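Here is a friendly tour of one protein chain, written for someone who likes to know how each value was defined. Please keep the viewer open as you read.

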Amino acid sequence: MTDSNGTAKASPGKMPRSSGAPKPGSSVQPPKPHAVKPAPGPAQQHPHPVVVPTVSDPSLWGRVDEDGTAWVKTAEGERQVGSWQAGDAAEGLAHFGRRFDDLATEIALLEARLAAGADARKTKAAAMALAESLPTAAVIGDIEGLARRLQAIAEHSEEAAAHAKEEKERARHEHTERKEALAAEAEKIAAESTQWKAAGDRLREILEEWKSIRGVDRKVDDALWKRYSKAREAFNRRRGAHFAELDRERAAAKARKEELCVRAEELSGSTDWVTTAGIFRDLLAEWKAAGRAPREADEALWRRFKSAQDVFFAARNAAVSERDAEFEQHAADKEQLLEAYAHIDPAADLEAARSALRELQDKWDAIGKVPRDRMQELEGKLRAIEKRVRDAVDAQWRRTDPEAVARAAQFRERVAQFEEQAAKAQAAGNVRDAEKALEQAKQWREWAEAAEGAVSNR
């Protein structure tokens, strides 16, 4: 063990050795490297300096006498640093050299910490404490060199502290600016954004980034946090109001669409094909204008509405198909009728021709309607037969009473006019107008036939 004066003494019952000293008779080994922990702090932006333990030659800076007295050389001369009683003089010299190396390594650690940006104030205090201990340190080595290094650490600590303060202020300014920008962005989102999901996600991202920003002045940070918090609450209120209004609109749309479903179901059994089809078109327009109901309800209501609509149009299509088949048969029947009466010849027997024409017309009307695309063709063939008979009658009138003939001709002209109107109405699909015109043509035909009969009876 070593006493307070640096004297190494033996313990009873075993060979004495100082802390870190080799056993008697062994060679002096350099000390193991010291583990250096990285210095914390924002200034660490480069790899930490590696502290290499100092291994000096103590024989250049001191000696140990045969009696164990240890001396170190200084600028003022030799100074006794202790006494070595645990082995020979060489071992003692190595012991005090290692103690110097430990001290030098400790100073190197302070230098490394200062270079790495550690707390300059604490580093300076440690350096000054070591400097105060140097005049009485029980070591052998370049003590003046250590003193100069410690003085340099103290001087550079002031500069490092100023730089650290400057860096801290710069970082505080940057972090403050960033939080101000985040608060302003949050306020803009709260006031303007209607992209509710994206905006909500962005506010959460701002919050996470906000938590990661440190070093802002407490009062400034509190004020900025209030701005962000107020903006987030304003956005949440506006978003909540939007979705509440949307819920009300969807509830109203649901109620409206339920009403439309009821009306569609009531109309699904109608056989008034034209009118009801128009009503269904109006209902569909109202459906689109009603807006969206809640998703599941909207889909169910649409299926219900479309089902009622499909029932009606399926029945209408079936009826139209049946009617078309019936009209096709009518067209075939009228074709056969035209062939059967193709023999009408007013030049051979006018009265027989007129009688046959009346039969043809009666049977023609009894057959009924034909497809629209066949109407003009078939009516044209009938009109051709009627014209032959009418021309023959007109010729006979002209040969009899001119006035009666003229009157009958006028009647026939009106018949032709109404039949032409009927043909045009049928071609345009105006069934009612066509039927009305045919009724009038029939009336005028009867008058014409009466007038013709009067002439022929003379």
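The text below goes from the overall fold to salt bridges, two buried residues and a pocket.

This is a predicted model, in which local features need pLDDT of at least 70 and side-chain atom pairs count only at pLDDT 80 or more, while totals for chains, interfaces and linings use all residues. Residues are numbered from 1 along each chain as its sequence is written, and side-chain values use heavy atoms, with hydrogens and water left out.

## Overall fold

The chain holds 11 helices and 3 strands. Helices (H or I, at least four residues) and strands (E, at least two) are DSSP runs, numbered from the N terminus. Along the sequence, the pattern reads β-β-β-α-α-α-α-α-α-α-α-α-α-α.

Of the 458 residues, 35% count as buried. Here buried means under 20% relative accessible area, exposed over 50%, and partly exposed in between (1.4 Å probe, protein chains only). The accessible surface of the chain is about 27,400 Å², and 52% of that belongs to carbon and sulfur atoms. These areas come from the Shrake-Rupley method with a 1.4 Å probe; for residues, only the protein chains shown count as cover.

Contact means heavy atoms within 4.5 Å. Among contacts in the chain with a separation of 6 or more, 69% are between residues 24 or more positions apart.

## Salt bridges

A salt bridge is a side-chain nitrogen of Lys or Arg within 4 Å of a carboxyl oxygen of Asp or Glu. By this rule the count is 37 salt bridges. Three pairs are set out here.

| Pair | N to O distance | Relative accessibility |
|---|---|---|
| Aspartate 298 and lysine 257 | 2.7 Å | 9% and 3% |
| Glutamate 286 and arginine 263 | 3.8 Å | 27% and 34% |
| Lysine 387 and aspartate 391 | 2.9 Å | 44% and 35% |

Where do aspartate 298 and lysine 257 lie? The salt bridge between aspartate 298 and lysine 257 links distant parts of the chain, with aspartate 298 in helix α7 (residues 295–340) and lysine 257 in helix α5 (residues 218–267), 41 residues apart. Aspartate 298 counts as buried because its relative accessibility is 9%, and lysine 257 is buried too, at 3%.

Glutamate 286 and arginine 263 form a salt bridge as well. Glutamate 286 lies in helix α6 (residues 273–289) and arginine 263 in helix α5, so this pair ties together parts that are 23 residues apart in sequence. Glutamate 286 counts as partly exposed, and so does arginine 263.

Lysine 387 and aspartate 391 both sit in helix α9 (residues 372–399), 4 residues apart, which is about one turn of the helix. Lysine 387 is partly exposed, as is aspartate 391. There is also a network of salt bridges that links Glu379, Arg383, Glu386, Glu419 and Arg445.

## Two buried residues

Tryptophan 287 is found in helix α6. Is tryptophan 287 buried or exposed? With a relative accessible area of 7%, tryptophan 287 is buried. Setting aside neighbours within four places in sequence, tryptophan 287 is in contact with Lys257, Leu260, Cys261, Leu301, Trp302 and Phe305. The C-alpha atoms of tryptophan 287 and alanine 253 are separated by 8.8 Å, with the two residues 34 apart along the chain.

Proline 58 is placed in the segment before β1 (62–64). Its relative accessible area is 12%, so proline 58 is buried. Not counting residues up to four places away in sequence, proline 58 touches Leu93, Gly97 and Ile140. From proline 58 to leucine 93 the C-alpha distance is 6.5 Å, across 35 residues of sequence.

## The largest pocket

A pocket, on a 1 Å grid over the protein atoms alone, is an open set of points where a 1.4 Å probe fits, with protein on both sides within 12 Å along at least five of seven lines; lining residues have an atom within 4 Å of a point. Grid points are joined across faces, edges and corners, and a volume is the space filled by probe spheres set on the points.

How much space lies in the largest pocket? About 1,300 Å³ lies there. Its lining has 45 residues, of which Lys369, Gln426, Val431, Glu435 and Leu438 are the closest to the centre. At least two lining residues come from each of α6, α7, α8 (350–367), α9, α10 (402–427) and α11 (431–456). The largest share, 11 residues, comes from α11.

The lining divides into 16 nonpolar, 6 polar and 23 charged residues. In this scheme Ala, Val, Leu, Ile, Met, Phe, Trp, Tyr, Cys and Pro count as nonpolar, Asp, Glu, Lys and Arg as charged, and the others, Gly among them, as polar.
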